[in-house]
Amino acid sequence: NEQARPRTLHLPTTRKAAAPDPHDTPAVAHPTPPSAPMGNPLAGSGRAAAARYVSSADTRRAAPGAQTTFAVPRNPFESVKPMDGNLVPSQLNGSYTFDNYIEGDCNRLARSAGLAVANKPGTTSFNPLMVYGGVGLGKTHLVQAIGNHIKATAPERFVLYVSAEKFTNQFIDSVQRTAVQEFANFYLQVDALILDDVQFLANKGKTQEMFFHIFNHLHQSGKQIVMTSDRPPKDLQGLEDRLLNRFKWGLTADVQSPDFETRVAIIRNKMDQDGIDIPPPHVVDYLANSVHTNVRELEGVIASLVAQSSLSRRDIDLEMVKQALRHIIEEVEAEVNLDFIQKTVAAYFGISVDLLKDKTRKKEVVTARQVAMYFAKHHTSHTLKTIGFHFGGRDHTTVMHSVQTVSDLVDSDKKFREQVDELRKKFAK
Ligand code: ADP
Ligand code: MG
């Protein structure tokens with residue numbers, strides 16, 4: 001019985017902790033306007049809104065008239081306008097979905113675990129689910145997609161997305177208002193808690209302690225917890241061991257920089273969503289080759305291309321891409337020349353450049369030639385025809401076949417992939 005479970009959490013911190021942890025002072029500028037969500041609890045309709053929320057939450061959970069045991073928690077998000085008619089907004093951005101989250105080797109595990117969690121929050125062994133990876137690689141998108149999916153398929157569940165920074169600031173505020181209990185009670189009602197950028201809690205002992213209690217309570221009650229971090233848990237210095245240990249209860253999955261194919265898919269998908277014609281493959285490839293680290297950066301370039309294309313009423317072509325890259329990224333020299341590719345690949349395989357262009361069908365030579373053509377395709381803007389011409393006058397179907405063969409091998413043969421990746425580093429830049 002839902003209602004039998006006590007809703008109040010008794011925190012050891014509330015007895016003494018009147019002053020915030022000195023480390024808890026946010027080091028960076030606070031993104032929330034000073035008036036919100038902190039400030040005078042009596043200001044505006046805060047109390048009323050909170051009460052309204054709580055009674056609504058109760059009726060969602062209990063039979064009408066059922067008794068509840070928890071104190072009226074103040075909604076720390078109260079200054080945020082309710083969305084979608086829900087009294088407490090989930091703080092989710094509806095545009096982050098699984099549909100527009102492109103899958104690739106770089107994120108396959110994280111994505112499928114995320115989908116499993118989204119379908120069965122709290123009941124899979126992926127609890128907590130921890131997604132980690134570098135900046136701009138899609139962590140926030142993925143965890144927001146989880147939240148949106150739960151909201152869409154199980155609207156009665158209370159999903160809450162919060163950055164660890166906001167969580168920290170809300171907590172500090174509650175300490176200052178001696179309303180820590182209220183703060184905790186608010187979080188205890190959540191069915192699926194998504195805490196983004198958990199590394200922000202490093203060296204913030206009191207906030208960690210609070211999160212630890214909330215975590216335990218939610219986990220014990222079968223609620224889902226999803227977190228992201230910019231580094232693997234083992235490198236989360238400044239986080240308490242007991243908290244790090246909790247993270248191991250579930251699943252930890254990383255997201256990595258997208259590979260070439262994933263970048264192409266992201267570009268095509270984004271342009272399609274933005275309602276513009278997708279440029280020819282060599283233009284998309286050029287763009288995918290120029291920005292390889294970070295999806296956010298890639299999206300920046302795409303946004304500027306889309307804007308320029310619609311302003312000038314021109315289709316996106318190679319010139320426009322080069323122009324856009326000039327504005328946005330510093331290392332513009334995405335273009336590697338054919339000569340350099342041929343020399344580098346030939347040297348790597350220990351043969352001469354002449355053999356690459358030769359008619360010989362010896363296996364090592366064929367492989368080297370195909371690899372060189374593959375890089376020529378992906379790292380220059382030359383057409384298949386031009387590439388064929390520079391490889392001893394072969395025709396474009398031969399080049400196409402070579403590129404495909406290498407792509408397939410990269411997918412299926414680990415050893416081969418490592419070789420290609422090693423070479424790729426020489427052309428990236
Ligand atoms: P992070 O939280 O890891 O810093 P974000 O989730 O904010 O990264 O992603 C940055 C941008 O890149 C977002 O606009 C997001 O939609 C987009 N993005 C990242 N990965 C993907 C992906 N696999 N498919 C589609 N878009 C992606
Ligand atoms: Mg993020």
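Mentor: A residue is buried if 20 or more other C-beta atoms, placed from the backbone, lie within 10 Å of its own, exposed if 12 or fewer, and partly exposed in between. This is a predicted model, in which local features need pLDDT of at least 70, side-chain atom pairs count only at pLDDT 80 or more, and totals for chains, interfaces and linings use all residues. Residues are numbered from 1 along each chain as its sequence is written.

Trainee: How many residues of helix α10 are buried?

Mentor: Helices are DSSP runs (H or I, at least four residues), numbered from the N terminus. Helix α10 spans residues 281–290 and is mostly covered. Among its buried residues are V283, Y286 and L287. The number buried, out of ten, is seven.

Trainee: Where does the largest nonpolar core lie?

Mentor: Such a core is a set of buried Ala, Val, Leu, Ile, Met, Phe, Trp, Tyr and Cys residues joined through C-beta atoms within 7 Å. The largest has 73 residues, and V131 is one of those with the most contacts inside it. Both domains, with bounds from an automatic or database assignment, give residues to this core, so it lies between domain 1 (2–254) and domain 2 (260–328).

Trainee: Which elements give two or more residues to the shell around ligand 1?

Mentor: The shell (C-beta atoms, placed from the backbone, within 6 Å of the ligand) has 16 residues, and the closest include K139 and V295. At least three come from each of domain 1 and domain 2. The elements are α4 (139–153) and α11 (295–312).

How values were computed. Chains are lettered from A and ligands numbered from 1 in the order in which they are written.
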